[in-house]
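Q: Got a minute to go through this model with me? Sequence and structure are coming up.

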Amino acid sequence: MASEAREKELLTLKIIAETLNKCNDVTEMLSSVLDELLEVTGLAAGWIFLSEAQRNYECAADCNLPPALTLEDKKPMRQGGCWCLDRYWSGELTNAVNIIECKRLEDAVKLSSGDTRGITHHATVPLKAGTEMFGLLNVASPNKVHFLEDELALLESVAYQIGTAIKRTKLYEAQQNRVKDFSKLDVATRELKKLSDLDTFSEDAAKNIKVAFKFHDVQLFIAGSTLNEIDSDNSLVFEARTKRKIISLQRQDMYHIAIPIINGEEVSGVLAIEMIDNQITSDDILTALAEHLSLAIENVKLHKKQQELTVLEERNRLARDLHDSVSQALFSLSLTTKGAKHLYSNDPVLKDMFESIQLLSHTALSEMRTLIWQLRPPGLEDGVITALKKYGNNLGLLVNVQNEGVATLPKTIEEAIWRIGQECLNNICKHAKTERVELQSMITKHKVRMTVEDLGVGFDSDNVTTSIGLTGMRERTIALGGEFKLESEIGKGTKVTVVLPI
């Protein structure tokens with residue numbers, strides 16, 4: 001008899017093993033193996049609970065449940081607690097338990113909610129692989145209140161096989177998901193490489209990532225622009241930035257993840273993701289995405305610098321061409337006219353004509369030199385304030401400079417200070433009726449402040465019609481997130497103050 005029992009046990013394990021190896025879908029696998037188990041053991045009913053979190057479970061498979069447990073689409077199996085799960089969650093249930101009275105069936109008897117087919121108790125076996133716990137296997141038969149040791153040993157072996165198969169299936173699913181995630185990552189990174197406009201990069205990159213991964217929402221905050229506006233109110237992004245690590249949070253069915261984008265020692269941005277379910281389960285996918293974003297941001301910045309250098313080179317070329325051609329021609333015209341004027345000094349009419357030509361050529365040469373200054377200011381390598389002083393002197397102004405603080409300014413900030421300062425000095429030269437100018441600058445770690453003031457005739461700043469020059473200065477300042485202030489009164493001069501963030 002013992003030999004027959006052993007053969008039956010081995011046959012059961014063989015059938016179960018074959019069933020478990022037929023598929024990789026957990027639900028399909030559990031349903032098939034439960035059917036086989038009941039058939040080879042002669043037990044009447046069974047069900048499997050999967051639970052990997054406290055107070056959270058699902059009835060992943062069932063077979064021949066009594067009618068009392070199948071009411072309302074098996075509602076008794078989907079909600080409420082029971083004694084076997086309570087012991088499982090408390091850590092008391094680690095091996096096969098001989099018999100447990102079923103609370104769900106007991107409740108059905110008390111409420112007279114359906115036929116229990118005489119089932120009152122069930123054997124409970126934890127599903128595990130190594131130290132990992134996945135859930136419970138429950139089997140029962142009518143009027144059966146005791147399982148033999150051999151029966152429990154067989155159930156424990158089967159449960160171990162099921163647990164191992166669940167782990168294998170989960171590993172397979174995780175690997176398949178990783179392949180899909182890396183495929184999505186490849187699509188996203190190829191789209192990121194196409195971006196070249198720094199001004200729209202945050203919006204475009206977030207849209208590409210959202211489409212590639214099918215996320216619910218994506219936002220990209222970049223240092224120097226949107227990231228500077230983040231404070232502790234946006235706790236997830238703020239924490240990712242300050243702690244320099246991936247921060248995740250689950251609110252109901254929505255997963256929120258913030259990933260810092262690190263470039264060297266600096267956090268160059270934060271990627272904020274919302275997904276309806278946990279679409280990305282591996283941090284290395286998110287880390288790889290952040291690394292690709294860091295490279296894309298640097299590439300876009302380099303592209304913008306390259307564009308700026310191209311514009312600067314073109315300005316320099318144009319300045320050289322104007323100097324070598326038009327300026328030299330005007331200078332030659334001025335000298336020729338001067339000589340002709342002396343040659344025809346006895347003819348009043350010709351003399352007056354040559355004097356007019358000489359004056360016009362001199363004026364045109366002066367304006368051409370100013371234009372060349374605007375295109376290619378000499379002395380900018382010594383600092384923008386020094387260059388403005390030289391520019392003012394070239395206009396015939398006496399510029400008194402006061403500097404406070406020294407720092408290497410970003411090219412965009414330096415360009416704005418230079419152009420605004422130029423416009424101020426041009427206006428003083430044309431309208432202020434004074435030669436004296438006060439030019440002050442103050443540079444700190446976070447901002448630069450420039451003030452250009454004259455004690456000329458001034459004007460009523462409240463009623464003045466805004467000029468193209470004033471509009472340009474104000475727009476340059478606002479575009480860089482700065483502050484522009486104009487103060488002027490008739491007879492008291494004019495003062496322009498510009499504050500730009502670094």
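Q: Let's start with helix α7 (residues 201-213): which strands does α7 lie across?
A: Helix α7 lies across β6 and β9, and runs at about 150° to β6. Contact here means heavy atoms within 4.5 Å. Axes are lines fitted to C-alpha atoms, for helices over the stretch in contact, and angles run from 0 to 180 degrees between N-to-C directions. Helices (H or I, at least four residues) and strands (E, at least two) are DSSP runs, numbered from the N terminus.

Q: And what should I know about where the model comes from?
A: The model is predicted: local features need pLDDT of at least 70, side-chain atom pairs count only at pLDDT 80 or more, and totals for chains, interfaces and linings use all residues. Residues are numbered from 1 along each chain as its sequence is written, and side-chain values use heavy atoms, with hydrogens and water left out.

Q: OK, back to α8 (residues 235-243): which strands does α8 touch?
A: Helix α8 packs on the sheet and touches β6, β7, β8 (254-263) and β9. The direction of α8 makes about 30° with that of β8.

Q: What's the strand order in that open sheet of 4 strands?
A: The order is β6-β9-β8-β7, with antiparallel pairing; two strands pair if DSSP finds at least two bridges between them. At the edges stand β6 (217-222) and β7 (247-251), each with a single partner strand, so one side of each has no neighbour in the sheet. From one strand to the next, the twist averages 15°.

Q: How many bridges join β6 to β9?
A: There are 6 bridges between β6 and strand β9 (residues 266-275), which run antiparallel. Asp217 stands opposite Glu274 in β9.

Q: Switching topic: how are the 5 strands ordered in the other open sheet?
A: They go β2-β1-β5-β4-β3, with antiparallel pairing. The edges are β2 (56-63) and β3 (97-101), each with a single partner strand, so one side of each is left without a neighbour. The twist in this sheet averages 30° from one strand to the next.

Q: What about β1 and β5, how many bridges?
A: 6 bridges join β1 to strand β5 (residues 132-140), and the two run antiparallel. Gly46 has Val139 in β5 as bridge partner.

Q: Which strands does α4 touch on that sheet?
A: α4 packs on the sheet and touches β1, β2, β3, β4 (121-129) and β5. The direction of α4 makes about 155° with that of β5.

Q: How many cavities of 30 Å³ or more are there?
A: The count comes to 1 cavity of 30 Å³ or more, with about 40 Å³ of space in the largest cavity. On a 1 Å grid over the protein atoms alone, a cavity is a set of points where a 1.4 Å probe fits but cannot get out, and lining residues have an atom within 4 Å of a point. Grid points are joined across faces, edges and corners, and a volume is the space filled by probe spheres set on the points.

Q: Which residues line the largest cavity?
A: The lining includes Trp47, Phe49, Trp83, Glu101, Arg104 and His122. The elements giving two or more residues to the lining are β1 (45-53), α4 (83-90) and α5 (103-111).

Q: Now the hairpins: how many residues sit between β11 and β12?
A: β11 and β12 form a hairpin with 3 residues between them. Strand β11 (residues 436-443) and strand β12 (residues 447-454) pair in the antiparallel sense over 7 bridges, and Met442 has Arg449 in β12 as bridge partner.

Q: What's β12 doing with β14?
A: β12 pairs with strand β14 (residues 493-501) in the antiparallel sense over 8 bridges. Arg449 has Val499 in β14 as bridge partner.

Q: And which residue in the turn between β13 and β14 has a positive phi?
A: Gly491, with a phi of about 85°, in a hairpin with 3 residues between β13 and β14.

Key. On a 1 Å grid over the protein atoms alone, a cavity is a set of points where a 1.4 Å probe fits but cannot get out, and a pocket is an open set with protein on both sides within 12 Å along at least five of seven lines; lining residues have an atom within 4 Å of a point.
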